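These are my notebook entries on a structure I went through by strands, salt bridges and one chosen side chain. I set them down in the order in which I looked things up.

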Amino acid sequence: LWEAMDVERSYVSVDGTYYEATVTVEGDREVLELAAVEPKSLPRPRPVTVTHRRRGERTISVELTAEDGTVLIDGARTLGPGQAAEIGRTARVGTHELRVTVADSDAVEDEATESVTIDEARSEITVFADPDEITVGGDVADIDSCRFDA
């Protein structure tokens with residue numbers, strides 16, 4: 001079991017419920033114990049990064065809010081052209097509202113709000129402050145289901 005599963009970094013998902021895994025050794029057996037995690041969260045938080053692609057210095061603010069109104073990330077970074085920075089991390093699973101504001105000094109230059117989903121397939125969220133718009137992207141993997149029955 002130790003070779004098949006890294007319990008420090010892995011989790012089990014069954015029918016939309018997430019379980020934290022622990023393995024104990026009892027004699028010559030390894031025992032896997034699962035504990036449901038609420039609210040649903042992943043074992044490793046997913047980063048939210050901003051990349052500044054405009055001219056001049058800008059302050060980019062990010063707020064990520066869960067469906068129940070919980071603010072998961074609320075941060076800002078002042079960046080020069082071409083710079084990128086992590087704003088925060090979240091492990092909370094679900095569809096969240098991402099609000100991004102780009103400011104030049106004290107004046108708001110641009111705002112955008114998008115729904116983003118955090119799940120086992122999404123490894124990060126990247127916000128791009130492009131010259132004409134704000135775009136949201138990130139890495140998403142195609143995850144296969146485990147085919148082991150026991």
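Entry 1, a strand pair. I began with strand 5 and strand 6, which pair in the antiparallel sense over 8 bridges, and I noted that Thr65 stands opposite Val71 in strand 6. I keep in mind throughout that this is a predicted model.

Entry 2, the sheet around that pair. I then looked up the sheet with the order 6-5-8-9, an open sheet of 4 strands with antiparallel pairing. Strand 6 (71-79) and strand 9 are its edge strands, and each of them pairs on one side only. For the twist I recorded that neighbouring strands of this sheet are turned by 15 degrees against each other on average, direction ignored.

Entry 3, the other sheet I looked up. Here 4 strands form an open sheet in the order 7-4-10-11, and the pairing is mixed. Strand 7 (84-92) and strand 11 (134-137) stand at the edges with a single partner strand each, so one side of each is left without a neighbour in the sheet. From one strand to the next the twist averages 20 degrees. Within this sheet I followed strand 10 (residues 125-129), which pairs with strand 11 in the antiparallel sense over 4 bridges, and I wrote down Ile134 in strand 11 as the bridge partner of Ala129.

Entry 4, salt bridges. How many salt bridges does a search of the whole structure find? The search returns 8, and I went through several of them.

The side chains of Asp110 and Arg54 meet in a salt bridge at 2.7 Å, N to O. Because Asp110 lies in strand 9 (residues 107-118) and Arg54 in the loop between strand 4 (41-52) and strand 5 (58-65), the pair ties together parts that are 56 residues apart in sequence. Are these two residues buried or exposed? I found Asp110 buried, and Arg54 buried as well.

Next I took Glu86 and Arg89, which form a salt bridge whose closest N and O atoms are 2.9 Å apart. Glu86 counts as partly exposed because its relative accessibility is 34%, and Arg89, with a relative accessible area of 44%, is partly exposed too.

The side chains of Arg99 and Glu111 also meet in a salt bridge, at 2.7 Å from N to O. Arg99 lies in strand 8 (residues 94-104) and Glu111 in strand 9, so this pair ties together parts that are 12 residues apart in sequence. Arg99 has a relative accessible area of 35% and is therefore partly exposed, while Glu111, at 44%, is likewise partly exposed. I closed this entry with a network, in which salt bridges that share partners join Arg54, Arg58, Asp104, Glu109 and Asp110.

Entry 5, Thr90. I placed Thr90 in strand 7, the strand that I had noted at an edge of the sheet with the order 7-4-10-11. Why does Thr90 count as buried? Its relative accessibility is 5%, and buried means under 20% relative accessible area. I also noted that the side chain of Thr90 reaches the backbone nitrogen of Arg92 at 3.3 Å. Leaving aside the neighbours within four places in sequence, I listed Pro45, Arg46, Leu64, Leu72, Ile73 and Ile118 as the residues in contact with Thr90.

Note on methods
Residues numbered from 1 in each chain as written. Predicted model: local features only at pLDDT ≥ 70, side-chain atom pairs only at ≥ 80, totals over all residues. Heavy atoms only, no water. Pairing = 2+ DSSP bridges. Axes fitted to C-alpha atoms, helices over the stretch in contact; angles between N-to-C directions. Buried < 20%, exposed > 50% of the residue type's maximum accessible area, 1.4 Å probe, protein only. Polar contact = N/O pair within 3.5 Å; in protein donor to acceptor, adjacent residues only side chain to side chain. Contact = heavy atoms within 4.5 Å.
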